[in-house]
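Here is an informal walk through one protein model and its ligand. Keep the viewer open as you read.

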Amino acid sequence: MLLISTRGHSRKITALDSVLQGMADDGGLFVPERFPVLDLTTIVEWGRLSYQECAARVLNLFFDIDVEELEEMANDAYSSFDDPEVVPIQKISDGEYIIELFHGPTLAFKDIALQMLPKLMAKALESSDKDALILTATSGDTGKAALEGFKDKDRTRIAVFYPNDGVSDMQRLQMVTQEGDNVYVSAIRGNFDDAQTTVKNLFADTDFVSLANKKGLRPTSANSINFGRLAPQIAYYIYAYGRLAAAKEINPGQKVNIVVPTGNFGNILAAYYARRMGLPVYRFICASNKNNVLSDFFESGVYTIRRQFYKTISPSMDILISSNLERLIFEICGRDPKAVQLYMEDLKDQDNYRIRESDKLELDGLFFGDFADEYPTKTTIKRTFEDEGYLLDPHTAVGRNVYLKYKRLMQDDTPTIITATASPYKFPQAVLESIAREECKDAFDAAEKLQALTHIEIPAQISALKDAKIRFDEVLDKDQMGIKVLENLGKTKRKKKK
Ligand SMILES: *Cc1c(COP(=O)(O)O)cnc(C)c1O
């Protein structure tokens, strides 16, 4: 499988090489040259397999690695998950299914890809003379998931930058207490967009890259701009559909809706890719929080980042520049790299772009975008807990809120899969306030109270944070990021444990 750039000026590379390269050198993102296509029988058959077996088969369509080897990788990657099904599916009401993607070591859906990416990276490194220097911008969850995935991995060093004051207490604690000899974590003054844009600019900064190269390092990304992040995410959409069909909850071939609480547009893009591969999807419901740049885009065809940035109770979606939208635009404009280039230039020069009317028509029947503000999100957490006995985290609650709105508006009874992207215990204060109207300053006190109220056990990873040692307390300006990475991770030889 070869990948091409959305902007048309990079040479084709293999999916495995793209894992090391991250972004294309023309500033674009790598996308499959063509989509592999699965027939229904195969999709339903794969739904009868274990998640690991299904994921291996999906990845085998993109990566030149044997299914057996991929199965070993998947078994290892998902052995740390606290549910034997890896991504269990819950039916919460008639025709409404939640796929729980948060059973990994860091309690967010990012683990599914970031437990697998290091295995793909190790494979790619076999044919590289340089080690990987992974630069990661995070809105809260990617950072910890990437650190957990790559800590103490051979021939890899990883730096994570998160927005100061822009993540939840638990998310921050997870990152600043990270163990491992090849890791560096820092807050930056700015928001996620500042972190992501600076990281993207570093990949294109020839001074930075050649300094890294001199130290035997090759900068790459663990963000969803890396195709190696997307591919493992396609697997759970195929698996979920196959599972529901195998359980006779849906008929093979019957269309489903997919609801995704969205920030950087990676998770929902993976669902769209699954549809391109043959998954019967009726609508994608793209749910935003108060930073509703995407729902405005789906309504008007104009993407504009000239707007206020809000900090919300769903911080992992506090994003204005959704990188992966570029990959969707590439598809709907008929894979025209020149059009993509023009849009992205407009975005850079004038903070917005407007897609062609014909391209907008492509989106209209397929994507429904809307958003949930803070209060409605809290109400959805409360109602869902009271009516369905199910505890949502604030991100997933944004998703369900928008879905219920969609369902009322469109009178659409199509079976629907909602992706649950994080454990409620990563955001205990917001969740407690939602269900008990009780404000609680301390995250651990809130978690205890939540446990007493819901009888859902606090995950061990959360309890362990209470006494974990803080290793990283720096706050940087964004123009210091490159220097600090090289200072902290550029040593010719990695420090060995004493
Ligand atoms: C990252 C994240 C999202 C948004 O996913 P994207 O792929 O960036 O759109 C939603 N919810 C949670 C909990 C996340 O960590």
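What follows starts at the ligand, then moves to backbone angles, a helix and a set of single residues.

**The ligand site**

One thing to keep in mind from the start: this is a predicted model. Which residues come nearest to the ligand? Out of 15 residues around it, the nearest are Lys110, Asp141, Gly263, Asn264 and Asn267. By class, that shell splits into five nonpolar, eight polar and two charged residues.

Three of the polar approaches to the ligand's oxygen atoms are worth putting side by side.

| Residue | Part of the residue | Distance to a ligand oxygen atom |
|---|---|---|
| Lys110 | N or O atom in the side chain | 2.6 Å |
| Asp141 | polar side-chain atom | 2.5 Å |
| Asn264 | polar backbone atom | 2.8 Å |

How much of the ligand does the protein bury? On its own, the ligand exposes 380 Å², and 98% of that is buried by the protein. If you're hunting for cavities, the largest one is the space that the ligand takes up.

**Backbone angles to look at**

Next, some phi values. Most residues other than glycine have a negative phi. Leu107 isn't a glycine, yet its phi is positive, at about 65°. You'll find Leu107 in the loop that runs between strand E5 (96-100) and helix H5 (110-114). Is Leu107 buried or exposed? Its relative accessible area is 2%, so Leu107 is buried.

Arg155 is another non-glycine residue with a positive phi, here about 55°. Arg155 is in the loop between helix H7 (142-150) and strand E7 (156-163). With a relative accessible area of 30%, Arg155 counts as partly exposed, because that value falls in the range between under 20% for buried and over 50% for exposed.

**Helix H12**

How many of the residues in helix H12 are buried? This helix spans residues 266-276, and nine of its eleven residues are buried, so H12 is mostly covered. The buried set is Gly266, Asn267, Ile268, Leu269, Ala270, Ala271, Tyr272, Tyr273 and Ala274. Asn267 also turned up earlier, as one of the residues that come nearest to the ligand. Just past the end of H12, Gly278 has a positive phi of about 120°.

**Two side chains with polar contacts**

Ser224 is in the loop between strand E9 (217-221) and helix H11 (227-246). Its relative accessibility is 5%, so Ser224 counts as buried. What does the side chain of Ser224 make a polar contact with? The partner is the side chain of Asn324, at 2.9 Å.

Gln429 is a helix case: it lies in H19 (residues 428-436). The relative accessibility of Gln429 is 19%, and it counts as buried because the cut-off is under 20%. A polar atom of the Gln429 side chain is 3.2 Å from the backbone oxygen of Lys441.

**Sequence gaps and distances in space**

The remaining residues are handy for checking how separation along the chain translates into space. Start with Phe444, which is in helix H20 (residues 443-454). Phe444 has a relative accessible area of 12%, so it is buried. How far apart in space are Phe444 and Asp169? They are 275 residues apart in sequence, and their C-alpha atoms are 9.5 Å apart.

Ala77 belongs to helix H4 (residues 67-77). Its relative accessible area is 0%, so Ala77 is buried. From Ala77 to Leu117 there are 40 residues in sequence and 9.0 Å in space, C-alpha to C-alpha.

Ile321 is a loop residue, placed between strand E12 (302-304) and helix H14 (325-332). Its relative accessible area of 22% makes Ile321 partly exposed, because buried would need a value under 20%. Ile321 and Leu294 are 27 residues apart along the chain, with 9.4 Å between their C-alpha atoms.

Last comes Ser10, in the loop between strand E1 (2-5) and strand E2 (13-14). At 16% relative accessibility, Ser10 is counted as buried. Ser10 and Phe102 are 92 residues apart in sequence, and the C-alpha to C-alpha distance is 35 Å.

Definitions and conventions
Residues numbered from 1 in each chain as written. Predicted model: local features only at pLDDT ≥ 70, side-chain atom pairs only at ≥ 80, totals over all residues. Heavy atoms only, no water. Near = heavy atom within 4 Å. Polar contact = N/O pair within 3.5 Å; in protein donor to acceptor, adjacent residues only side chain to side chain. Areas by Shrake-Rupley, 256 points an atom, 1.4 Å probe, with all protein chains shown as cover. 1 Å grid on protein atoms, 1.4 Å probe; cavity = no way out; pocket = protein on both sides within 12 Å on 5 of 7 lines; lining within 4 Å. Sits in = over half its atoms within 2 Å of the grid points. Nonpolar A, V, L, I, M, F, W, Y, C, P; charged D, E, K, R; others polar. Helix = DSSP H or I, 4+ residues; strand = E, 2+ residues; numbered from the N terminus. Buried < 20%, exposed > 50% of the residue type's maximum accessible area, 1.4 Å probe, protein only.
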